[in-house]
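Student: Could you pick a single part of this molecule and take me through it slowly? I'd like one connected picture rather than a list.

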Amino acid sequence: REWYKNVGIDLREYASIDKSGNLILKLNDNEEEKILTYYDNDLDKLDSLPQVQILEQYKVLKITGNKASVSDIIANQFGLLTIDEMAIRQLFSGVSSNNVSVTLVVEEEDTNIIVYEATWPKEDINLSVNNWKFSN
């Protein structure tokens, strides 16, 4: 899939690699706004769910519910690139690439117990709800 067609900008036109091997994007405000709108649409839909909170300037994604409701959110609302979208949003807001992280926290609604927590990139985020420690 050619991602840039969805955004309306071919980022390859604005990209370069510096001497340290870092990817550098030089965008004007309009181009940046198009990209952020693309990401924010997905994240806003997710954040509008009553069981979901995006916290700490896109560093934490918290889902609260029982096993069935969390499974439904993961299967039907949580996009394949949700973690990437949160990380990119941090980069665009000025967070250094060395400091970008996204923590997924899943809290069981009835017990208020954290049944899963992982922070990317230190750890892989496992979306297999059956491996999480729900009480029921």
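Tutor: Let's look at the sheet and what packs around it.

A bit of bookkeeping comes before that. This is a predicted model, so local features need pLDDT of at least 70 and side-chain atom pairs count only at pLDDT 80 or more, while totals for chains, interfaces and linings use all residues. Numbering starts from 1 along each chain as its sequence is written, and side-chain values use heavy atoms, with hydrogens and water left out.

Helices and strands here are DSSP runs numbered from the N terminus (H or I, at least four residues, for helices; E, at least two, for strands). Two strands pair if DSSP finds at least two bridges between them. On that basis, 4 strands make an open sheet, in the order S3-S4-S5-S6, with mixed pairing. At the edges sit S3 (52-55) and S6 (114-120), each pairing on one side only. From one strand to the next, the twist averages 10°; axes are lines fitted to C-alpha atoms, for helices over the stretch in contact, and angles run from 0 to 180 degrees between N-to-C directions.

Now walk across the sheet. S3 meets S4 (residues 60-65) in the antiparallel sense, over 4 bridges, and Val-52 has Ile-63 of S4 as its bridge partner. S4 and S5 run parallel, joined by 6 bridges; here Lys-62 is partnered with Val-105 in S5. Then S5 and S6 pair antiparallel over 6 bridges, with Val-106 opposite Tyr-116 in S6. The hairpin of S5 and S6 leaves 5 residues between the strands, and Asn-112 there takes a positive phi near 60°.

So how much of S5 is buried? Buried means under 20% relative accessible area, exposed means over 50%, and partly exposed is in between (1.4 Å probe, protein chains only). S5 is mostly covered, with 7 of its 7 residues buried. Both faces of S5 are covered: Val-102, Leu-104, Val-106 and Glu-108 are buried on one side, and Thr-103, Val-105 and Glu-107 on the other.

Glu-107 in S5 deserves a closer look. It counts as buried because its relative accessibility is 14%. Setting aside residues up to four places away in sequence, Glu-107 touches Lys-62, Ile-63, Thr-64, Gly-65, Asn-112, Ile-113 and Ile-114, where contact means heavy atoms within 4.5 Å. Side chains of opposite charge can pair when their charged atoms come close. Glu-107 forms a salt bridge with Lys-62, the closest N and O atoms being 3.7 Å apart; the definition asks for a side-chain nitrogen of Lys or Arg within 4 Å of a carboxyl oxygen of Asp or Glu. This pair links distant parts of the chain, Glu-107 in S5 and Lys-62 in S4, 45 residues apart. A search of the whole structure finds 1 salt bridge. Glu-107 and Lys-133, 26 residues apart along the chain, have C-alpha atoms separated by 9.8 Å.

What about the helices? H3 (residues 67-76) packs on the sheet and touches S3, S4 and S5, its direction making about 140° with that of S4. Ile-74 belongs to H3 and counts as buried because its relative accessibility is 10%. Apart from neighbours within four places in sequence, Ile-74 is in contact with Ile-63, Leu-127, Val-129 and Trp-132. Ile-63 is also the bridge partner of Val-52. Leu-127 is 53 residues from Ile-74 in sequence, yet the two are 7.1 Å apart in space, C-alpha to C-alpha.

H4 (residues 82-92) lies across S3, S4, S5 and S6, running at about 130° to S5. Its buried residues are Thr-82, Ile-83, Glu-85, Met-86, Ala-87, Arg-89 and Gln-90. An α-helix has 3.6 residues a turn, so residues three or four places apart point the same way. The cover over the buried residues of H4 includes helix H2 (29-47) along with S3, S4, S5 and S6. Arg-89, in H4, is buried because its relative accessible area is 16%. Leaving out residues up to four places away in sequence, Arg-89 touches Leu-36, Asp-40 and Tyr-58. After H4 comes Gly-94, with a positive phi near 105°.
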